[in-house]
Amino acid sequence: MIAAGADIIHFDVMDNHYVPNLTIGPMVCEAIRPHSNAPIDVHLMVKPVDSLAAAFAKAGADIITFHPEASEHIDRTLGLIKDAGCKAGLVFNPATSLSYLDHVMDKIDMVLIMSVNPGFGGQKFIPHALDKVREARRRIDEYTARHGGEIWLEVDGGIKTDNIRAVAEAGADTFVAGSAIYGQADYKTVIDAMRAELAQLR
Ligand code: ZN
């Protein structure tokens, strides 16, 4: 996937508790770590969060994000991820309020907006997620204008060549694509087409 042109490996961790599906754990992260220098972006769909966040930091993750409603203590979870040397972020389901950001912007490196309900790959992009991306963009710009720093705005779920530009126009700078790429024989063709769409913005 990196050879085909991806910048980041997004790693979906599901626990059959926070979401009704089961995927992969820190051992798989540790196993893929030596194969690339590309950042590994671990998206934790798990509850509780803290012990697995620490395990993924140890397994070589660069970025660890979690769902705020899955943590008993958001500030502490962000702190333990940062203390382990990783970038930290919060993930927002379509029905989760961005107000969780209000008091933790200084501890956040990434905001991840879900454009599907998490649990399964291959779902369709929920159009009203674009409004949420715009709102997140506004909050990030307002915060960084005053305090500096850099906060990435990532969108996850149903992103394809034919909607990636609209997602970028709404303010996203980082895009997760699963089935859009893995569902095609030639990964590079898809990634090139996505980059061509994004290039039309600049
Ligand atoms: Zn994800």
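**Entry 1. Gly 178**

I looked up Gly 178 first and placed it in the loop between strand S7 (174-176) and helix H6 (179-182). The model I am reading is a predicted one. With a relative accessible area of 31%, Gly 178 is partly exposed. I then took the separation from Leu 22: the two residues are 156 residues apart along the chain, and their C-alpha atoms are separated by 16 Å.

**Entry 2. Leu 153**

I turned to strand S6 (residues 152-156), where Leu 153 is found. Is Leu 153 buried or exposed? I recorded a relative accessible area of 0%, so Leu 153 is buried. Leu 153 and Ala 172 lie 19 residues apart in sequence, yet I found 5.0 Å between their C-alpha atoms. Leaving aside residues up to four places away in sequence, I listed what Leu 153 touches: Val 111, Ile 113, Val 133, Ala 136, Arg 137, Ile 140, Gly 171, Ala 172, Asp 173 and Thr 174.

**Entry 3. Ser 115**

I located Ser 115 in the loop between strand S5 (110-114) and helix H4 (129-147). Ser 115 is buried, and its relative accessible area is 0%. I set aside residues up to four places away in sequence and noted that Ser 115 touches Lys 124, Phe 125, Ile 126, Ala 129, Val 155, Asp 156 and Gly 157.

**Entry 4. Helices H2 and H3**

I examined the pair formed by helix H2 (residues 50-58) and helix H3 (residues 74-83). Their axes come within 9 Å and cross at roughly 15 degrees. Because angles under 35 degrees count as roughly parallel, I entered H2 as roughly parallel to H3. I noted the crossing of H2 and H3 as right-handed. Which residues make the contact? On the H2 side I found Asp 50, Ala 53 and Ala 54, and on the H3 side Arg 76, Thr 77, Leu 80 and Ile 81. Sorted by class, the contact of H2 with H3 has four nonpolar, one polar and two charged residues.

**Entry 5. Cysteines**

I searched for disulfides and found zero in the structure. Why does Cys 29 form no such bond? The closest cysteine sulfur to that of Cys 29 belongs to Cys 86 and is 8.9 Å away, too far for a bond. The cut-off I applied is that a disulfide needs the sulfur atoms within 2.5 Å. Looking from the other end, I found that the closest cysteine sulfur to that of Cys 86 is in Cys 29, again at 8.9 Å and too far for a bond. I also checked accessibility: Cys 29 counts as buried at 0% relative accessibility, and Cys 86 is buried with a relative accessible area of 7%.

**Entry 6. Backbone geometry**

I closed with two backbone entries. Most residues other than glycine have a negative phi, and most peptide bonds are trans. Against that background, I noted that the peptide bond from Lys 47 to Pro 48 is cis, with omega near 0 degrees. Pro 48 lies in the loop between strand S2 (40-45) and H2. I also recorded a positive phi of about 60 degrees for Asn 16, although Asn 16 is not a glycine. Where is Asn 16 found? I placed Asn 16 in the loop between strand S1 (9-14) and helix H1 (26-32). Its relative accessible area is 53%, so I entered Asn 16 as exposed.

Methods: Residues numbered from 1 in each chain as written. Predicted model: local features only at pLDDT ≥ 70, side-chain atom pairs only at ≥ 80, totals over all residues. Heavy atoms only, no water. Axes fitted to C-alpha atoms, helices over the stretch in contact; angles between N-to-C directions. Helix = DSSP H or I, 4+ residues; strand = E, 2+ residues; numbered from the N terminus. Parallel < 35°, antiparallel > 145°, perpendicular 65-115°, else oblique. Left-handed = near helix turned anticlockwise from the far one by under 90°. Contact = heavy atoms within 4.5 Å. Nonpolar A, V, L, I, M, F, W, Y, C, P; charged D, E, K, R; others polar. Buried < 20%, exposed > 50% of the residue type's maximum accessible area, 1.4 Å probe, protein only.
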